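Please examine the sequence and the structure displayed below. The paragraphs that follow proceed from the confidence of the model to its overall architecture, and then to individual residues.

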Amino acid sequence: MTLTADAATSSAEYIALDERWSTHNYHPLPVVIAEAEGAWVTDVRGRRYLDFLAGYSALNFGHRNPDL
């Protein structure tokens with residue numbers, strides 16, 4: 001699933017939903033990811049990031065690994 005932001009939906013609104021409905025076992029980064037492949041992620045505003053959190057939790061193989 002790919003999230004797309006329109007003029008009425010901001011990162012702050014997605015973050016508020018996460019704050020309301022998610023568990024609070026760690027403090028998330030203020031970034032809303034829309035797409036990811038390998039080590040690169042793109043937020044809902046189209047900004048790209050190199051994912052340095054790949055060693056955290058279950059994502060140590062990257063995003064959308066074709067072998068998995």
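What pLDDT does the chain average? The model is a predicted one, and the average pLDDT over the chain is 77. A score of at least 70 is reached by 74% of the residues. Among the elements of the chain, helix 1 (residues 11–21) has the lowest confidence, with a mean of 88, whereas strand 3 (residues 48–50) has the highest, at 93.

The architecture may be considered next. The chain contains 1 helix and 3 strands, and read from the N terminus these elements follow the order α-β-β-β. The chain has 68 residues, of which 18% count as buried. Among contacts in the chain with a separation of 6 or more, 35% are made by residues 24 or more positions apart.

How are the strands arranged in the sheet? The 3 strands form an open sheet in the order 1-2-3, and the pairing is antiparallel. Strand 1 and strand 3 are the edge strands, each of them pairing on one side only. From one strand to the next, the twist averages 25°.

The pairing of strand 1 with strand 2 can now be followed in detail. Strand 1 covers residues 33–37 and strand 2 covers residues 40–43; the two are antiparallel and are joined over 4 bridges. Together they form a hairpin in which 2 residues lie between the strands. Within this turn, Gly38 has a positive phi of about 65°. Two positions illustrate the register of the pairing: Ile33 has Asp43 of strand 2 as its bridge partner, and Glu35 stands opposite Thr42 in strand 2.

A second hairpin continues the sheet. Strand 2 and strand 3 also pair in the antiparallel sense, here over 3 bridges, and 4 residues lie between them. The turn of this hairpin includes Gly46, whose phi is positive at about 90°. Across this pairing, Val41 stands opposite Tyr49 in strand 3.

Asp43 merits separate attention. Is this residue of strand 2 buried or exposed? Asp43 has a relative accessible area of 3%, and because buried residues are those under 20%, Asp43 counts as buried. Its surroundings can be listed by contact: leaving aside residues up to four places away in sequence, Asp43 touches Val31, Val32, Ile33, Ala34 and Tyr49. Ile33, already introduced as the bridge partner of Asp43, is 10 residues from Asp43 in sequence, yet the C-alpha atoms of the two residues are 4.2 Å apart in space.

The aromatic side chains complete the account. How many aromatic pairs does a search of the whole structure find? The search returns 0 such pairs. A ring does, however, take part in an arrangement with a charged group: the charged end of Arg48 sits over the ring of Trp40, at 4.6 Å from the centre of that ring.

In summary, the predicted model combines 1 helix with 3 strands, and the strands make up an open sheet with antiparallel pairing. Hairpins connect strand 1 to strand 2 and strand 2 to strand 3, while Asp43, in strand 2, is buried.

Terms used. Residues numbered from 1 in each chain as written. Predicted model: local features only at pLDDT ≥ 70, side-chain atom pairs only at ≥ 80, totals over all residues. Heavy atoms only, no water. Pairing = 2+ DSSP bridges. Phe/Tyr/Trp six-rings, centres within 6.5 Å; stacked < 30°, edge-to-face > 60°. Lys NZ or Arg CZ within 6 Å of the ring centre and 35° of its normal. pLDDT = per-residue confidence, 0-100. Axes fitted to C-alpha atoms, helices over the stretch in contact; angles between N-to-C directions. Buried < 20%, exposed > 50% of the residue type's maximum accessible area, 1.4 Å probe, protein only. Contact = heavy atoms within 4.5 Å.
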